[in-house]
Amino acid sequence: SLIKTWAKARGINDASEHTLNSFGYTLLLIQFLQTRQPPVLPCLQADRISINGSEITLPPPVYEVSESIKVQYHGCDAPTHDSVPALASFSKGNTASVAELFLQFLHFIAVDFDFDSQCVC
């Protein structure tokens, strides 16, 4: 990925050297894409999300298979998959190019994200 290549080229992608590993950069990228206006990725832990001007309610994050078995998940109704088509068009509201998003991401990790008070996990 672009972020991984950029981080490796700068020697800041190695947990043994006390820098973020690829997974850490992926988590930061997900948070960044969820917090753009408009967002590129939906937050699947929210109860409701707005897609193309309409609100959809995500199903509860627990599906009871039986009285003794419960499956916890987030994002779509696993038994029916009825939220998947709506989620597929989620990012259409954001028209930023990959280059613009990359530059915004660099600003996000250099200025907006407070590594002293927040963690990546």
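**Exercise 1. Place a proline.** Where does Pro38 lie?

*Solution.* Start with the ground rules. This is a predicted model, in which local features need pLDDT of at least 70 and side-chain atom pairs count only at pLDDT 80 or more, while totals for chains, interfaces and linings use all residues. Numbering runs from 1 along each chain as its sequence is written, and side-chain values use heavy atoms, with hydrogens and water left out.

Step 1. Pro38 sits in the loop between α2 and β1 (48-51). Helices (H or I, at least four residues) and strands (E, at least two) are DSSP runs, numbered from the N terminus.

Step 2. Check the peptide bond. From Gln37 to Pro38 it is cis, with omega near -5°.

Step 3. Look for a partner. Asn94 is in contact with Pro38, and also with Arg36, Pro39 and Val40, leaving aside neighbours within four places in sequence. Contact means heavy atoms within 4.5 Å.

Step 4. Place the partner. Asn94 lies in the loop between α3 and α4. Asn94 counts as buried because its relative accessibility is 14%. Buried means under 20% relative accessible area, exposed over 50%, and partly exposed in between (1.4 Å probe, protein chains only).

**Exercise 2. Sketch the whole protein.** Give the order of the elements, then the confidence and the surface.

*Solution.* Step 1. Count four helices and four strands. Along the sequence they follow the pattern α-α-β-β-β-β-α-α.

Step 2. Read the confidence. The mean pLDDT is 83, and 83% of the residues reach 70 or more. pLDDT is the predictor's confidence in each residue, from 0 to 100. Among the elements, helix α3 (residues 84-88) has the lowest mean, 68, and helix α4 (residues 98-112) the highest, 96.

Step 3. Turn to burial and contacts. Of the 121 residues, 26% count as buried. Of the contacts with a separation of 6 or more, 47% come from residues 24 or more positions apart.

Step 4. Add the surface. The accessible surface comes to about 8200 Å², and 56% of it belongs to carbon and sulfur atoms. Accessible areas come from the Shrake-Rupley method with a 1.4 Å probe; for residues, only the protein chains shown count as cover.

**Exercise 3. Find the two sides of α4 and α1.** Which residues of α4 are buried?

*Solution.* Step 1. In α4 the buried residues are Leu101, Phe102, Phe105, Phe108 and Ile109. Seen down the axis of α4, they fall within an arc of 115°, so they line one face of the helix. The arc is that of the directions from the helix axis to the C-beta atoms.

Step 2. Turn α4 around. The face away from the buried side carries exposed Ala99, Leu103, Ala110 and Val111.

Step 3. Ask what covers the buried residues of α4. The cover includes α1 (2-9) and α2 (22-34).

Step 4. Repeat for α1. Its buried residues are Ile3, Trp6 and Ala7. They cover an arc of only 95° around the axis, which puts them on the same side of α1. On the other side, Thr5, Lys8 and Ala9 are exposed.

Step 5. Find the cover of α1. What covers its buried residues includes α2 and α4.

**Exercise 4. Check the backbone around the α1 to α2 loop.** Which residue has a positive phi although it is not a glycine?

*Solution.* Step 1. The residue is His18, with phi of about 65°.

Step 2. His18 is in the loop between α1 and α2. His18 is exposed because its relative accessible area is 77%.

Step 3. Go back to the end of α1. Gly11 follows α1, and its phi is positive, near 70°.

Step 4. Move on to helix α2, where Phe23 has its place. Phe23 is exposed, at a relative accessible area of 55%. Phe23 and Asn13 are 10 residues apart in sequence and 9.6 Å apart in space, C-alpha to C-alpha.

**Exercise 5. Follow Gln34.** Which residues does Gln34 touch, not counting residues up to four places away in sequence?

*Solution.* Step 1. Gln34 belongs to helix α2. Its relative accessibility is 27%, so Gln34 counts as partly exposed.

Step 2. Gln34 touches Pro39, Leu41, Pro42, Cys43 and Leu44.

Step 3. Take the distance to one of these. From Gln34 to Leu44 it is 9.7 Å, C-alpha to C-alpha, with their positions 10 residues apart in sequence.
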